[in-house]
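Me: Please take a close look at one part of this model for me: the pocket. I'd like to know what lines it, and then how its surroundings connect to the rest of the chain.

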Amino acid sequence: SMLFLAGALAASEGAFDITILIPVLLAAAILGDNTNYWVGRWVGARLLRWGDTSRFFNRKAFDMTHAFYEKHGGKTMLIARFFPFIRTFAPFVAGIAVMHYGRYFLYDLAGAVLWVFSMCLMGYWFGNIPWVKANLLLIVVLMIAIPGLFVVFGWLRHRFAMQAS
């Protein structure tokens, strides 16, 4: 939503130069996620060293998370970019789960490129449309709420499926 807003401001207000905005946001997205990944990797290494002696570490949960990221980590990193809140935790968990860094980086880079370019350019292309200008706050709120609803419905579906079994 902020990327859309920045693109819209670049188009309508001239507040930003889109040719500078996109590379800066792309670099910030990649650096932020990679920092988060390596912090998770550092935390994960300490948890593994403690092993089963820590009451905060659940080896079974770690093994399941590692298996999930080995199988679905690429898709997770790609899709997480488009979901507020999830994009914050996915790189950290990938680091804790010891997702292979080369694979992580490839999918994180692809996700960052798709996310930054699509959101900024949509804002840039639609930012001068009078209806978009008049309803920019509503558009930004919907861009946050709609992906959030997918997460809530997915969680509810999972919870009800667990109760049914």
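Reply: Start with helix 3, residues 59-80, because that's the element that gives the most to the lining of the largest pocket, with 7 residues. Keep in mind that this is a predicted model. The full lining is made up of Phe68, Tyr69, His72, Lys75, Thr76, Ile79, Ala80, Phe83 and Ile86. Sorted by class, that gives 6 nonpolar, 2 polar and 1 charged residues. The space in the pocket comes to about 260 Å³. As for where such a number comes from, rolling a probe the size of a water molecule over the atoms shows where empty space is left.

One lining residue worth following outward is Ala80, which sits in helix 3. Is Ala80 buried or exposed? Ala80 counts as buried, because its relative accessibility is 4% and the cut-off for buried is under 20%. Ala80 also gives you a handle on how the chain folds back: its C-alpha is 8.1 Å from that of Gly111, with the two positions 31 residues apart in sequence.

Now step into the loop between helix 3 and helix 4, where Arg81 lies. What does the side chain of Arg81 do there? Arg81 is linked with Asp33 and Asp108 in a network of salt bridges. In the Asp33 link, the two side chains meet at 2.9 Å, N to O. That pair joins distant parts of the chain, since Asp33 belongs to helix 2 (residues 18-50) and the partners are 48 residues apart. The other link, between Arg81 and Asp108, has an N to O distance of 3.0 Å. Asp108 is in helix 5, so this pair ties together parts that are 27 residues apart in sequence. The model's total is 2 salt bridges.

You may also want to know how well covered these charged side chains are. Asp33 is buried, and so is Arg81. For Arg81 the relative accessible area is 3%, so it counts as buried. Asp108 comes out at 0% relative accessibility, so it is buried too.

The same loop holds another residue to look at, Pro84. With a relative accessible area of 16%, Pro84 is buried, because the cut-off is under 20%. Its C-alpha is 12 Å from that of Val141, and the two are 57 residues apart along the chain.

Carry on along the chain and you get to helix 4 (86-96). Its buried residues are Ala90, Pro91, Ala94, Gly95 and Ile96. Helix 4 is followed by Val98, which is in the loop leading to helix 5. What is odd about the backbone of Val98? Val98 has a positive phi of about 60 degrees although it isn't a glycine. For context, most residues other than glycine have a negative phi. Val98 is partly exposed, with a relative accessible area of 29%. There's another positive phi to check just after helix 1, where Gly14 takes a value of about 70 degrees. Helix 1 itself (residues 2-12) has several buried residues, among them Leu3, Phe4 and Ala6.

Past Val98 comes helix 5, the helix that holds Asp108. Helix 5 runs over residues 101-126, and it also gives the most to a nonpolar surface patch, with 3 residues. The patch covers about 570 Å² and is made by Tyr124, Trp125, Phe126, Ile129 and Trp131. Phe126 lies in helix 5. Phe126 is partly exposed, with a relative accessible area of 40%, and it can be in the patch because patch residues need over 30%.

Zooming out, the protein has 7 helices and 0 strands. The C-alpha atoms fill a box of roughly 60 × 40 × 25 Å along the principal axes. Of its 165 residues, 34% count as buried.

To tie it together, helix 3 gives the most to the pocket lining, Arg81 in the loop after it is linked to Asp33 and Asp108 in the salt-bridge network, and helix 5 holds Asp108 while giving the most to the nonpolar patch.

Definitions and conventions:
Residues numbered from 1 in each chain as written. Predicted model: local features only at pLDDT ≥ 70, side-chain atom pairs only at ≥ 80, totals over all residues. Heavy atoms only, no water. Patch = residues over 30% accessible without salt bridge, like charges linked within 9 Å, V, L, I, M, F, W, Y side chains within 5 Å. Areas by Shrake-Rupley, 256 points an atom, 1.4 Å probe, with all protein chains shown as cover. Salt bridge = Lys/Arg side-chain N within 4 Å of Asp/Glu carboxyl O. Helix = DSSP H or I, 4+ residues; strand = E, 2+ residues; numbered from the N terminus. Buried < 20%, exposed > 50% of the residue type's maximum accessible area, 1.4 Å probe, protein only. 1 Å grid on protein atoms, 1.4 Å probe; cavity = no way out; pocket = protein on both sides within 12 Å on 5 of 7 lines; lining within 4 Å. Points joined across faces, edges and corners; volume = space filled by probe spheres on them. Nonpolar A, V, L, I, M, F, W, Y, C, P; charged D, E, K, R; others polar.
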